[in-house]
Amino acid sequence: MKTLSKFTVLCGCLGIFSAAFILSCSKSDDVAGTRLKLASKWKHQVDHAISLSELESSNGNRLSLVDYKYLGVIKDAAMLDAIMDDIFADNAHIILNDIKGKSFGAAMWGDKQLFSDDYKNDLALTIKDHIQIGKTGLLELTWSYNGQPIKSTALVDNDEGIVYDNIASYAVNYKATKEVVQSRKVFKRPFTRAETEHVNAVFADSVAADTSIREFVQQDQSQDIELISGKKAWWYYIHVTSAFNRYGRLAYRKCDSDSDASWGWQCKADAKTLSGEVNVSDFHEFAWAWAYGTGKTTIQIGFAGNGFTITGGEYEGKRSDIHRP
């Protein structure tokens with residue numbers, strides 16, 4: 001079981017904490033004395049996790065959040081260093097997920113087969129840079145994993161919620177998670193007036209009032225990938241627009257993509273034109289790709305000239321498509 005060595009010693013030295021944190025002992029203590037802000041996002045998230053009771057994955061592992069204790073905000077750099085050492089200690093527990101296999105398992109940061117020192121150190125530095133002394137708070141979370149107690153230290157923010165926790169940032173609520181499905185739409189519609197004015201300003205010689213547009217949209221179903229805290233693990237968005245003039249010639253093309261992920265996860269997406277020359281071609285060929293996975297995986301999407309190559313990622317998709325008038 002994880003021990004809070006440096007952090008425990010530090011908190012013991014700071015006797016002033018005992019009086020200041022009466023309001024924050026546990027979810028039951030919140031009723032008496034000074035209350036925590038009911039609007040605190042992290043409080044809603046931990047209460048949500050507790051309300052789920054036991055979560056069971058397809059491989060029979062059980063996980064539940066039993067209780068939490070608020071420990072106040074990070075006071076200074078020395079306290080921050082001690083906390084980061086504690087969170088990323090070799091004996092600190094972590095829960096990993098495999099979305100495709102719908103399973104999770106307990107591990108420790110010291111497992112060299114899962115985590116390299118470079119990965120662990122890079123993640124710790126990235127999270128540390130995000131922490132705000134005097135604002136970022138701490139929770140001690142008590143979990144039950146297959147009937148055994150596990151403790152973790154969560155970094156929290158009243159506005160952002162749980163910034164990072166070795167378990168809450170990785171554990172998926174499989175009862176609320178559906179199969180990952182692709183949402184793909186290809187359709188034709190006339191230009192709106194604003195779109196026509198925009199394209200006419202660039203391609204005045206080739207675009208007429210009856211210009212038509214093809215759109216390709218693919219986006220994640222991340223609302224179905226819910227962590228135990230209720231946060232979303234990741235999302236991505238791909239949008240390709242192709243406009244053709246009255247003669248069927250390509251008048252406008254644009255490839256957009258965006259992606260983001262919670263701490264502990266990675267997600268990347270991209271889209272690029274393969275071929276199709278404006279004012280010349282009667283088609284627009286493009287390629288798109290996306291991939292996501294837990295943070296232990298490094299995801300790279302590289303453009304190979306005729307499409308994308310994906311390195312890493314536990315789940316991915318890629319292909320090329322063609323727009324025609």
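# Helix α5 and the cores of a predicted model

Reader: Which exposed residues does the face of α5 turned away from its buried side carry?
Author: Helices (H or I, at least four residues) and strands (E, at least two) are DSSP runs, numbered from the N terminus. Buried means under 20% relative accessible area, exposed over 50%, and partly exposed in between, with a 1.4 Å probe and protein chains only. In α5, the face turned away from the buried side carries the exposed residues Asp118, Leu125 and Asp129.

Reader: How many residues in the chain are there, and what percentage of them is buried?
Author: This is a predicted model in which local features need pLDDT of at least 70 and side-chain atom pairs count only at pLDDT 80 or more, while totals for chains, interfaces and linings use all residues. Residues are numbered from 1 along each chain as its sequence is written, and side-chain values use heavy atoms, without hydrogens and water. The chain has 325 residues, and the buried share is 48%.

Reader: Why are the buried residues of α5 on the same side?
Author: The buried residues of α5 are Tyr119, Lys120, Leu123, Ala124 and Ile127. They lie on the same side of α5 because the arc they cover around the axis, taken from the directions from the helix axis to the C-beta atoms, is only 125°.

Reader: Which elements do the buried residues of α5 pack against?
Author: Contact means heavy atoms within 4.5 Å. The buried residues of α5 pack against α4, β6 (148–157) and β7.

Reader: Which element gives the largest share of the largest nonpolar core?
Author: A nonpolar core is a set of buried Ala, Val, Leu, Ile, Met, Phe, Trp, Tyr and Cys residues joined through side-chain atoms within 4.5 Å. The largest has 25 residues, and Phe88, Trp109, Leu155 and Tyr164 have the most contacts inside it. Two or more residues come from each of α4, β3 (93–98), α5 (117–130) and β7 (161–164). The largest share, five residues, is that of α4.

Reader: Which residues does Phe88 touch, not counting those up to four places away in sequence?
Author: Phe88 is one of the residues with the most contacts inside the largest core. Beyond four places in sequence, Phe88 touches Trp109, Lys120, Leu123, Ala124, Ile127 and Tyr164.

Reader: Where does pLDDT stay under 50?
Author: pLDDT is the predictor's confidence in each residue, from 0 to 100, and its mean over the chain is 77. Where pLDDT is low, the predicted coordinates should not be read in detail. The stretch with pLDDT under 50 is residues 1–38.
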